[in-house]
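User: I would like to go through this model label by label and hear on what grounds each one is given. Please set every value against its definition before you conclude anything.

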Amino acid sequence: MPAETVASVAERFRLIRETRFGAFVPVLLALVAIWTYFGITEPAFISSRNFYFLFMQSAVVGTLAVGITIVLLLGDIDLSAAAGAGVCAALMAVLIVAGVPGPIACLAAIVLGIVLGSMQGLLVAYVGIPAFVVTLAGLLGFQGLMLKILGIQGAINMRDPFVRGLTTISLPPLAGWGLAAACIGLFALFLLRNQAQRKRRGLELDTVVTTWGQIAFFSLMVGAAVLTLNSYRGVPLMVVLLIGITALLGWVTTSTPFGRSIFAAGGNAESARRVGINVRHIRVAAFGLVGMMAAVAGIVGASRYASVSFNAFAGGPLLLEAIGAAVIGGTSLFGGRGSVWNAILGALVIGSLGNGLDLSGASAADKLMFSGAILLLAVAIDAVSRSGAVQAR
Amino acid sequence: MLEMMETKVGRDAPPPHLAVYGVRKSFGGVHALRGVDFEVARGEVMALVGDNGAGKSTLMKVLAGAHPADEGKFVMDDKEIEVASPHDAFSHGIQIVYQDLALCENLDVAANLSLGNEPVRPGWTFLPRFLRPIDELAMEEKALEAISRLQVRTLRSVRAKVGGLSGGQRQAIAIARAVGADSSVVLLDEPTAALGVAQTRQVLDVVKRLRETGHAVVYISHNLKDIFEVADRITVLRHGGNVATWRTEVTTPDEIVVAMTTGLNEGKQKDAG
């Protein structure tokens, strides 16, 4: 078979991308390139203080991008996520102003998010309206709903200590290191135990270099992040929460029959249907999950900006950055390929770019054009690696 | 026409595992099947041939439950059964491999083989089944077993993405998926249509393995060379009706081509139509 003997550069690149960490390679390279460039041109960029704020700034976009990734995996899109986040944040703010305790208001917002998302999912899956149209209608409708809830001022200040605490509290340095050590330990334990079980059952093994390479790579990333954050204020609670939620969703999407069905339906819906997967249920559930993540992003946004305002959520920048983050992270717009972890890295790319351009005094015009170029580049990589896969037949 | 069929199948035929009698199927005003009889035994490859529009694919879909028959009787191991939906067919152990294979190219071989029926780890009973962790190792073992049963030698790893496999390997994976699911009847729709020589060889080997493992294999193809290599018996359809069934060793490709294109006897065939 010629395609096997002639391993082109594109083919090798594709093979690298198919390993566990391989999908991170392009977006990590982009991140390193951006950091190196701004590190040289703007020394303030690589200060730990700047990285701290970079992580915090990327949190809202990252949360939303993680949610959007799930519908992208199905080959659908959600344009209403940012406006949905606004509606949920507005409901929470109104409830808190009315005297409802913070945690309960947050819970109500999350329930509302799930309901709004699932409703759109029902329209897509059962009525058969394209997701693009349903969520475009949602985008408009939710913006109106948000204005209605917020009232004439269009903004509510957020002083609730619980909600504010989500983005203002940082872990003490020692706790940060403890958490990092626990993560690395669990990761190593999981990999090594998996490897031992494979050996016992006579299954194909990863090479020792791959296994320990993964552990070293993971430790390096976690260690560097904690070191940087600790030298400013410590690991923000928000970062821990976001990584926790992402880990949970990452596990659900890659390691459960439900997640497998999402990938199957995104890769080949007909195939999924024939093996008895109810693609409609999967679609509704996926939109419900996006709604949930939108609500979480709304809460995070309210906490971070200390207010819920129409301008912060509606309009488009937040939504486009979130979709951009998911795609830059390497999640395919064609469905079936991607990961929620990549969405976080994509959000960091977008955040770094914005942050670096701000530091170098670039105008809003330059920022927009740069973001557009990066997004285009990411989609081009997606399209090229996809056609590479088709040619390999 | 019916008499002729009996004389052709008659004494040498093995006892059928799955048989259908008098199957009729219309789509609007088009009579796709006009009372077709068909049977297949265990450990046998039954080829189903006919010109375009003869009703092969429709019969296949009726057998798989994808198109319920308007009329007709299904008999499995001497017991009458009902096949009105793909689920019915599945529960009777009838599996179909469509021409388009329906594999998920973005998933690996093991995931494709277990798709829709992933083994989950024991415990975790507080979660609904679809949220329990998949037992990846059991899944790989299952895949390796299915692959080795069919002796797909060229496949290097069950962890390879299907998107990177050759056409023959994909066909083998699709067949392995059908066979893995406790099936006794495997319907193959043009399995070698898009394949080169080496790939075709690989698929034909897999089909022979299916016969050795006691499956009843129904094999639709246009390629008489493949059919004469792999089939034990050949059923010819024409204009939605039976022409006849031959044992492969007592017939020739020429005889089959004539049967496909003009029927056994032009005059009788026209009357029947």
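Analyst: Burial is the term to fix at the outset: a residue is buried if 20 or more other C-beta atoms lie within 10 Å of its own, exposed if 12 or fewer, and partly exposed in between, with C-beta atoms placed from the backbone. The model is predicted, which is why local features need pLDDT of at least 70 and side-chain atom pairs count only at pLDDT 80 or more, while totals for chains, interfaces and linings use all residues. Residues are numbered from 1 along each chain as its sequence is written, and chains are lettered from A and ligands numbered from 1 in the order in which they are written.

User: Why is B:D77 called partly exposed?

Analyst: B:D77 has 13 other C-beta atoms within 10 Å, a count that falls between the bound of 12 or fewer for exposed and that of 20 or more for buried, so B:D77 is partly exposed. B:D77 sits in the loop between β4 and β5 (79-81) of chain B, where helices (H or I, at least four residues) and strands (E, at least two) are DSSP runs numbered from the N terminus. Although B:D77 is not a glycine, its phi is positive, about 45 degrees.

User: What makes the backbone of A:A306 worth noting, and how exposed is that residue?

Analyst: A:A306 has a phi near 60 degrees, which is a positive value in a residue other than glycine, and A:A306 is placed in the loop between α14 and β2 (307-309) of chain A. Its 13 C-beta neighbours inside 10 Å make A:A306 count as partly exposed.

User: How do you know that A:F38 is buried?

Analyst: There are 21 other C-beta atoms within 10 Å of A:F38, and the definition asks for 20 or more, so A:F38 is buried. A:F38 belongs to helix α3 (residues 25-41) of chain A. Apart from neighbours within four places in sequence, A:F38 is in contact (C-beta atoms, placed from the backbone, within 7 Å) with A:F45, A:G356 and A:L359. A:G351 is 313 residues away from A:F38 along the chain, and their C-alpha atoms are separated by 13 Å.

User: What is the evidence for A:L112?

Analyst: A:L112, in helix α6 (residues 102-127) of chain A, counts as buried because it has 21 C-beta neighbours inside 10 Å. Leaving aside neighbours within four places in sequence, the contacts of A:L112 are A:V87, A:C88, A:L91 and A:A295.

User: Why is chain A described as being as compact as a globular protein of its length?

Analyst: Chain A has 18 helices and two strands. Its radius of gyration is 21 Å, close to the 21 Å that the globule rule gives for 393 residues, so chain A is as compact as a globular protein of that length; the radius is taken over C-alpha atoms, and the rule is 2.2 Å times the number of residues to the power 0.38. Buried residues make up 47% of the 393 residues in chain A.

User: What is meant by a nonpolar core here, and which residues have the most contacts inside the largest one?

Analyst: A nonpolar core is a set of buried Ala, Val, Leu, Ile, Met, Phe, Trp, Tyr and Cys residues joined through C-beta atoms within 7 Å. The largest has 195 residues, and those with the most contacts inside it are A:L64, A:A322 and B:Y219. Helix α14 (residues 279-305) of chain A gives the most to this core, with 16 residues. Leaving aside neighbours within four places in sequence, the contacts of A:A322 are A:V61, A:L64, A:A65, A:I68, A:A81 and A:A82.

User: How are the domains of chain A known, and how many residues does each give to their contact?

Analyst: The bounds come from an automatic or database domain assignment, which gives domain 1 (2-169 + 236-391) and domain 2 (171-235) of chain A. The contact takes 10 residues from domain 1 of chain A and 10 residues from domain 2 of chain A. On the side of domain 1 that touches domain 2, the largest share, four residues, comes from α4(A).

User: What makes β1(B) and β2(B) a pair?

Analyst: Two strands pair if DSSP finds at least two bridges between them, and eight bridges join β1(B) to strand β2 (residues 30-40) of chain B, running antiparallel, so the definition is met. B:S26 stands opposite B:H31 in β2(B). Strand β1 (residues 18-27) is also joined by five bridges to strand β4 (residues 71-76) of chain B, again antiparallel.

Definitions and conventions:
Contact = placed C-beta atoms within 7 Å.
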